[in-house]
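Colleague: Got a minute to go through this model with me? I'd like to start with the charged pairs.

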Amino acid sequence: MREVKLDPNHLQRWDQRVREGQAVAARCGAAERDARGEGGAQLSYNAGISACEKVTLWQQALSLLDEMREVKLELDIISYSSGISACEKGEQWQRALALLIDMREAVLEPDTISYNAGVSACEKGEQWQQGLALLREMWEAKLEPNVISYNAGIRACQKKGQWHWALSLISEMWEASVEPDAISYSAGVSACANGARCLQALSLLREMQLIIFGPGFTADVFVINMSEQGRQWKQVLPLVTEVRDSIIA
């Protein structure tokens, strides 16, 4: 792999721009609060938190949330959701869940975007049980998980070889009239491969063939995973090849 060398001067300039952006956001918020009341300042801070989220600056996003509390500005759903998304992109699942708890304590109901970011944070942190718990909370809150919600949950199960739960989520998607996509099936197949469940993986591949009709790369990935894990992949290779060839045909 080619080594990438970063220019220290470039990094220093980037850090300086970030700091300047924070200062501008704070000053704009104070000015607008004086001129127009809390609403303008809240918008400014939310924009700053959202900007931090987009470039994975989760520490700065949390700092802006703290500043809002210090100056007695009300945090709304946008404030929290942007903060949770920043933590998700920064792979800070514990902080993401803490913000969800803060929302409830502030008598704010998390929306689908908030929950999706939380489930995705759990997926990146390999916390499959926490991710499934958030999906259950969504149903309890009368929020219907969408394909993004489910895919994050399936990927969380995939990383820990929780093939049974991954397949359960795919079945639940159909029951909830949420159609699985290629990401859903690929993660499900990988979960079965990680759990050494050859037949279940092949069944899922066939289902993917009929519904998605995509390329056969998932079958190849499955065989590679099985060979790397030292399983009896030669026994299932003809079946996988059959599924792959029928997809390509």
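Colleague: What does Lys124 form a salt bridge with?

Modeller: Its partner is Glu88, and the closest N and O atoms are 2.7 Å apart. The pair links distant parts of the chain, with Lys124 in helix H6 (residues 112-124) and Glu88 in helix H4 (residues 77-89), 36 residues apart. Keep in mind that this is a predicted model.

Colleague: Is Glu88 buried or exposed?

Modeller: Glu88 counts as buried, at 11% relative accessibility. Lys124 counts as partly exposed because its relative accessibility is 30%, and the cut-off for buried is under 20%.

Colleague: OK. What does Arg155 form a salt bridge with?

Modeller: With Glu123, where the closest N and O atoms are 3.5 Å apart. Arg155 sits in helix H8 (residues 147-159) and Glu123 in helix H6, so this pair ties together parts that are 32 residues apart in sequence.

Colleague: And how much relative accessible area does Glu123 have?

Modeller: Just a figure of 5%, so Glu123 is buried. Arg155 has 25%, so that residue is partly exposed.

Colleague: Which residue pairs with Arg136 in a salt bridge?

Modeller: Glu172 does, with the closest N and O atoms 2.8 Å apart. Arg136 is in helix H7 (residues 128-140) and Glu172 in helix H9 (residues 163-175), so the bridge ties together parts 36 residues apart in sequence. Glu172 counts as buried at 17% relative accessibility, while Arg136 is partly exposed at 29%.

Colleague: How many salt bridges does a search of the whole structure find?

Modeller: The search finds 9. There's also a network of salt bridges that links Asp66, Arg69 and Asp102.

Colleague: Switching to helix H3. How many residues does it have, and how far does it reach?

Modeller: H3 covers residues 58-70, which is 13 residues, and reaches 18 Å from its first C-alpha to its last. That is close to the 18 Å expected at 1.5 Å a residue.

Colleague: Which residues of H3 are buried?

Modeller: Trp58, Gln60, Ala61, Leu62, Leu64, Leu65 and Met68. As background, residues three or four places apart point the same way because an α-helix has 3.6 residues a turn.

Colleague: What happens just after H3?

Modeller: Lys72 takes a positive phi there, about 65 degrees.

Colleague: Now the surface. Which residues form a nonpolar patch?

Modeller: Trp174, Leu210 and Ile211 form one, and together they have about 310 Å² of accessible area. Ile211 belongs to helix H11 (residues 198-211).

Colleague: Why does Ile211 count as partly exposed?

Modeller: Because its relative accessible area is 32%, and partly exposed runs from 20% to 50%.

Colleague: Let's zoom out. How many helices and strands does the chain have?

Modeller: There are 13 helices and 0 strands, so from the N terminus on you read α for every element.

Colleague: What share of the residues counts as buried?

Modeller: Of the chain's 249 residues, 45% do. The chain exposes about 13500 Å², and carbon and sulfur atoms supply 53% of that.

Colleague: And what percentage of the contacts joins residues at least 24 apart?

Modeller: For contacts between residues at least 6 apart in sequence, the figure is 62%.

Technical notes
Residues numbered from 1 in each chain as written. Predicted model: local features only at pLDDT ≥ 70, side-chain atom pairs only at ≥ 80, totals over all residues. Heavy atoms only, no water. Patch = residues over 30% accessible without salt bridge, like charges linked within 9 Å, V, L, I, M, F, W, Y side chains within 5 Å. Areas by Shrake-Rupley, 256 points an atom, 1.4 Å probe, with all protein chains shown as cover. Salt bridge = Lys/Arg side-chain N within 4 Å of Asp/Glu carboxyl O. Helix = DSSP H or I, 4+ residues; strand = E, 2+ residues; numbered from the N terminus. Buried < 20%, exposed > 50% of the residue type's maximum accessible area, 1.4 Å probe, protein only. Expected span 1.5 Å × (residues − 1). Contact = heavy atoms within 4.5 Å.
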